Amino acid sequence: MKIQELPTPVYLVDEKKLKENLAVLRSVQERTGCKILLAQKAFSMFRVYPLIRQYLAGATASGLFEAKLAHEEMGGENHVFSPAFTDPEMQELCRICDHISFNSIAQLEHHRAVWEASAVSVGLRINPEHSTQEGHAIYDPCAPGSRLGITRANFPDQLPRGVEGLHFHTLCEQDAAPLVETFAAAEEKFGRFFPGLKWINLGGGHHITRPGYDIAALEALILRIRKQYGTEVYLEPGEAIALNAGYLITTVLDVVHNGIPILILDTSAACHMPDVLEMPYRPPLQNTGVPGEKAVTCRLSSRTCLAGDVIGDYSFDQIPEIGDRLTFEDMAIYSMVKNNTFNGMPLPGLALLRENGSCELIRSFGYRDFKERLS
């Protein structure tokens, strides 16, 4: 199948670009001895898990279902963190996971009998209380009142029995410098517990595969941690694995006018790219410019009933016509994992762009997928 033959809307993951990202991450592992895991909350297209496993140490999950997916489809190490686990979940997680990080001492102790009877390595998530976010407050685990991670004031004087690692995750789409800052803050507050740990997990939010990322600074930090504390170092980026490795292809269904040409697409910000409204975020669109840069500026919107379901304003050489196809870029991450069927919107198909230029339509969704989410 060729790209133009794919039915829209469709997420298309670029195998070549995915491999390029993975090669960068593998090189960091090789030079530093750290282990890098796929954070499935950003990208869970398990059709390519066997490919990812050739490069990375395994995956990390935010709950039981992601952990099961990694166990069934990825192989390698399987880590999980959640703000809280139920008793039935803990029983199953201890059978399929290598590492479990708890968000509180209460959760650690509540589940102690189960995890102590297993081979799982247990850790605690800490809150360094050092915010480096600028403009993404919704993704700031160090914000005042955050529920994520144990603050130093709530951490015991002695590491609880059986705890082998510490974990923090504070970054979002950031370079190495904020990580260096954050580790210094964590070291100041929790450094007395670092000697003797089996592992330290530096979490995600590392944009390692972005052009210009300071890989040397990241590697210097990892090497220092391993040398100074004699501990294993984990990173669990999500976006970096599939950054700029995916597209969302859509078709123009109608053009209406209200002070500006408004394109009605067969895709939706609210349903198919929620980060556009949550962050907010303006996804790149091929062959367009910012408003006013090209001859005509159009507003891209959806066919849902939500008035604010607007993707953004883009400029074109000429107004697209009904039936034209548009291609959004960087649509592999936080798209298919967060999409929904609000208004009965069909979910986009899932396709893979092979290195030879051919496309494979992996999955299509229909009415049953909508109905079976309901009762």
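**Group meeting: a walk from strand S11 to the barrel**

Hi everyone, let's start in strand S11, where Pro261, Leu263 and Leu265 point one way, Ile262 and Ile264 point the other way, and all of them are buried. Buried here means under 20% relative accessible area, while exposed is over 50% and partly exposed is in between, using a 1.4 Å probe and protein chains only. Strands, by the way, are DSSP runs of E with at least two residues, helices are runs of H or I with at least four, and both are numbered from the N terminus.

A quick word on the model: it is predicted, so local features need pLDDT of at least 70 and side-chain atom pairs count only at pLDDT 80 or more, while totals for chains, interfaces and linings use all residues. Residues are numbered from 1 along each chain as its sequence is written, and side-chain values use heavy atoms, leaving out hydrogens and water.

Back to S11, then. This strand covers residues 261-265, and 5 of its 5 residues are buried. Which strands does S11 pair with? One is S10, residues 246-257, which runs antiparallel to S11 over 5 bridges; another is S12, residues 296-301, which is parallel to S11 over 3 bridges. We say two strands pair if DSSP finds at least two bridges between them. If you are new to this, strands of a sheet pair through backbone hydrogen bonds, either parallel or antiparallel.

You can find the partners yourself: Val255 stands opposite Leu263 in S11, and Ile262 stands opposite Arg299 in S12. S10 and S11 also make a hairpin, with 3 residues between them, and Gly259 in that turn has a positive phi of about 85 degrees.

Now for the barrel. In which order do its strands go round? There are 8 of them, closing in the order S2-S3-S4-S5-S6-S7-S8-S9 with parallel pairing. From one strand to the next, the twist averages 25 degrees. Take S8 (residues 199-201) and S9 (residues 232-235) as an example: they pair in the parallel sense over 3 bridges, and Trp199 has Glu232 in S9 as its bridge partner.

Helices pack on this sheet too. H3, residues 64-73, touches S3 (58-61) and S4 (77-81), and its direction makes about 165 degrees with that of S3. H4, residues 87-96, touches S4 and S5 (99-102), at about 140 degrees to the direction of S5. Touching, or contact, means heavy atoms within 4.5 Å. Angles run from 0 to 180 degrees between N-to-C directions, and axes are lines fitted to C-alpha atoms, for helices over the stretch in contact.

Two helices also pack on each other: H1 (residues 15-32) and H8 (residues 215-229) meet at an angle of about 35 degrees, with axes 10 Å apart. Among the residues that meet are Val24 and Val28 from H1, and Leu218 and Ile222 from H8.

What sits inside? The largest nonpolar core has 92 residues, and those with the most contacts inside it are Phe43, Ile52, Ile100, Leu300 and Phe328. Such a core is a set of buried Ala, Val, Leu, Ile, Met, Phe, Trp, Tyr and Cys residues joined through side-chain atoms within 4.5 Å. In soluble globular proteins, nonpolar side chains tend to be buried together. Ile52, for one, touches Leu22, Leu38, Phe43, Met74 and Ile241, leaving aside residues up to four places away in sequence. Apart from that core lies another, of 8 residues, including Val10, Ile249, Ala351 and Leu353.

Last stop: some backbone curiosities. The peptide bond from Thr8 to Pro9 is cis, with omega near -5 degrees, and Pro9 sits in the segment before strand S1 (10-14). A cis bond also joins Met279 to Pro280, with omega near -10 degrees; Pro280 is in the loop between helix H11 (275-278) and S12.

Which residue between S7 and H7 should you look at? Glu173 lies in the loop between strand S7 (163-167) and helix H7 (176-190). Its phi is near 55 degrees, a positive value in a residue other than glycine, and Glu173 is partly exposed, with a relative accessible area of 25%. Asn244 has a positive phi of about 55 degrees, although it is not a glycine, and belongs to the loop between helix H9 (239-242) and S10. Asn244 is partly exposed at 39% relative accessible area.

Thanks for listening!
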